[in-house]
Amino acid sequence: MLKNITLKGYEFCTPKFGGDVQYEKVYDYELMDILFKSILKLDKSKRKYKNDIVSINLGDFKQSNDANIVEGHFITARHGKKQTQIDIDSWDEIGTIEKNHGVESRVYFMIDRRTGLLLVQEDFNRVFTRKLLHTFLYSHKELIYPYIDEYNKINKKNNLTIHKRSCYRLINLKAINFLETLKEFKKIKTATLTLDNTTEKNSVDVSKILDRELEKNGIDDYDLEIKIKNKSGLNMVKVFELYFESIIEQQKYDSYAIEGELNTGKQKKITPDSITRDFYIKIEHNSNGEPSMGEIFEEMTRIISKDNPIEGKKTTPNSTMVGENKDVEKAIQERIIQRNKDSFGQQKTS
């Protein structure tokens with residue numbers, strides 16, 4: 001059965017500092033490749049990151065069929081609360097999920113070695129976030145300090161330095177324009193317009209009467225929210241598009257939102273601050289509700305190759321990669337062995 005899947009897009013950068021020049025929006029794949037490969041060599045219990053309610057782990061990381069792309073999957077779980085398992089057909093109790101137990105979800109991803117574009121399958125557990133992945137990688141970054149030391153040594157002549165505290169960055173892709181996102185809707189359910197309490201409300205016609213009534217009753221510090229419901233039964237996307245184009249140009253309102261149905265059939269609410277660069281694909285699912293991993297990777301490869309929003313992003317100028325280096329590999333391996341011997345895993349209690 002074909003079902004819609006959302007892919008989340010993010011961007012890796014590997015900043016370099018070159019004297020008076022800072023190279024922020026560059027990507028050199030070697031550093032991130034080594035970080036992921038090093039993490040994967042840790043024992044499974046030692047490579048995890050967990051807090052009180054969620055966990056994330058790296059399940060796989062390898063070369064894809066495309067030389068410019070690496071692929072893998074994360075494992076996520078939600079936990080921290082004792083729950084009763086039931087059979088949803090008979091409604092009989094069939095077991096208990098303890099506080100330290102969770103249901104794992106495989107979250108597939110791909111990274112473009114040329115630009116640092118990261119595509120991640122939407123997580124069934126609703127656990128995966130950019131911040132969680134950043135924290136997970138940060139908890140392991142000391143593994144690759146020998147690589148960074150060697151890079152800085154061989155690039156001293158190029159006046160390039162990697163700072164260990166900021167050896168990589170994981171950022172959201174540049175948000176899509178609100179009006180461009182509005183075009184992805186098939187049907188508009190509601191539109192919301194907001195005036196905050198700093199706005200001169202009586203200069204906006206629609207609020208004059210309400211403003212006078214509230215002030216008369218001693219209420220003069222408030223936000224005004226206007227909700228427009230589409231009761232026509234029609235899609236009205238073009239009408240709302242023209243309307244929002246007008247109010248955005250006039251800058252009458254402090255914030256606004258649209259809620260409705262996308263062309264993919266998914267229900268969504270957007271505001272100027274919430275819009276992220278998502279990609280929507282249709283994937284075959286088996287009888288167990290599991291999506292086809294092969295099809296997911298095929299669609300990710302297509303997006304990276306033909307619809308890459310950061311196409312043209314460059315590597316660091318005049319940078320020399322470390323390449324194969326036995327001393328660096330040995331030093332990293334020693335750190336991995338020591339970490340595996342440690343009596344504690346990578347975790348944080350929030």
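Helices, of at least four residues, and strands, of at least two, are taken here as DSSP runs and are numbered from the N terminus. On that basis the protein, examined here as a predicted model, contains nine helices and 16 strands. Of its 350 residues, 43% are buried, and the surface that the protein exposes amounts to about 20,000 Å², of which carbon and sulfur atoms supply 47%. Among the contacts with a separation of 6 or more, 72% are accounted for by residues 24 or more positions apart. A search of the whole structure finds zero disulfides. Two of the cysteines may be placed with respect to the surface: Cys 13 is buried, with a relative accessible area of 2%, and Cys 167, at 1% relative accessibility, likewise counts as buried.

In soluble globular proteins, nonpolar side chains tend to be buried together. The largest nonpolar core in the present model has 42 residues, and Phe 12, Phe 36 and Leu 137 are those with the most contacts inside it. Helix α1, which spans residues 29–40, gives the largest share of this core, namely five residues. When neighbours within four places in sequence are left aside, Leu 137 is in contact with Phe 12, Met 32, Leu 35, Phe 36, Ile 39 and Tyr 168. Leu 137 is also one of the buried residues of helix α3 (residues 130–138), the others being Leu 132, Leu 133 and Phe 136. These buried residues cover an arc of only 130 degrees around the axis, and therefore lie on the same side of α3.

Helix α4, formed by residues 145–154, is mostly covered, with seven of its 10 residues buried. The buried positions are Tyr 145, Pro 146, Tyr 147, Ile 148, Glu 150, Tyr 151 and Asn 152. The elements against which these residues of α4 pack are strand β2 (16–18), helix α1 and helix α9 (326–341).

Helix α8, comprising the 14 residues 293–306, reaches 20 Å from its first C-alpha to its last, which is close to the 20 Å expected at 1.5 Å a residue. Within α8, the residues Ile 296, Phe 297, Met 300, Ile 303 and Ile 304 are buried. Seen down the axis of the helix, the buried residues of α8 fall within an arc of 120 degrees, so that they line one face, whereas Glu 298 and Lys 306, on the other side of α8, are exposed. The cover over the buried residues of α8 includes the strands β1 (2–13), β6 (69–78), β9 (105–112), β10 (117–121) and β16 (278–284).

Ile 304 gives a closer view of how α8 is covered. This residue lies in helix α8 and is buried, with a relative accessible area of 3%. Not counting residues up to four places away in sequence, Ile 304 touches Ile 69, Met 110, Asp 112, Arg 114, Leu 117 and Leu 119. Of these partners, Asp 112 is 192 residues apart from Ile 304 in sequence, while the two are 6.7 Å apart in space, C-alpha to C-alpha.

Strand β1, which is among the elements covering α8, contains Thr 6. At 3% relative accessibility, Thr 6 counts as buried. Residues up to four places away in sequence again being left out, Thr 6 touches Val 120, Gln 121, Glu 122, Lys 266, Asp 278, Phe 279 and Tyr 280. Thr 6 and Tyr 280 are 274 residues apart along the chain, yet their C-alpha atoms are separated by 4.8 Å.

Two loop positions were considered for their backbone conformation. Most residues other than glycine have a negative phi, and most peptide bonds are trans. Trp 91, although not a glycine, has a positive phi of about 65 degrees. It lies in the loop between β7 (83–86) and β8 (93–97), and at 61% relative accessibility it counts as exposed, the cut-off being over 50%. Asn 318 also is not a glycine and has a positive phi of about 65 degrees. Its place is in the loop between α8 and α9, where Asn 318 is exposed, with a relative accessible area of 63%.

Definitions and conventions. Residues numbered from 1 in each chain as written. Predicted model: local features only at pLDDT ≥ 70, side-chain atom pairs only at ≥ 80, totals over all residues. Heavy atoms only, no water. Expected span 1.5 Å × (residues − 1). Buried < 20%, exposed > 50% of the residue type's maximum accessible area, 1.4 Å probe, protein only. Arc of directions from axis to C-beta. Contact = heavy atoms within 4.5 Å. Areas by Shrake-Rupley, 256 points an atom, 1.4 Å probe, with all protein chains shown as cover. Disulfide = S-S within 2.5 Å. Core = buried A, V, L, I, M, F, W, Y, C linked by side-chain atoms within 4.5 Å.
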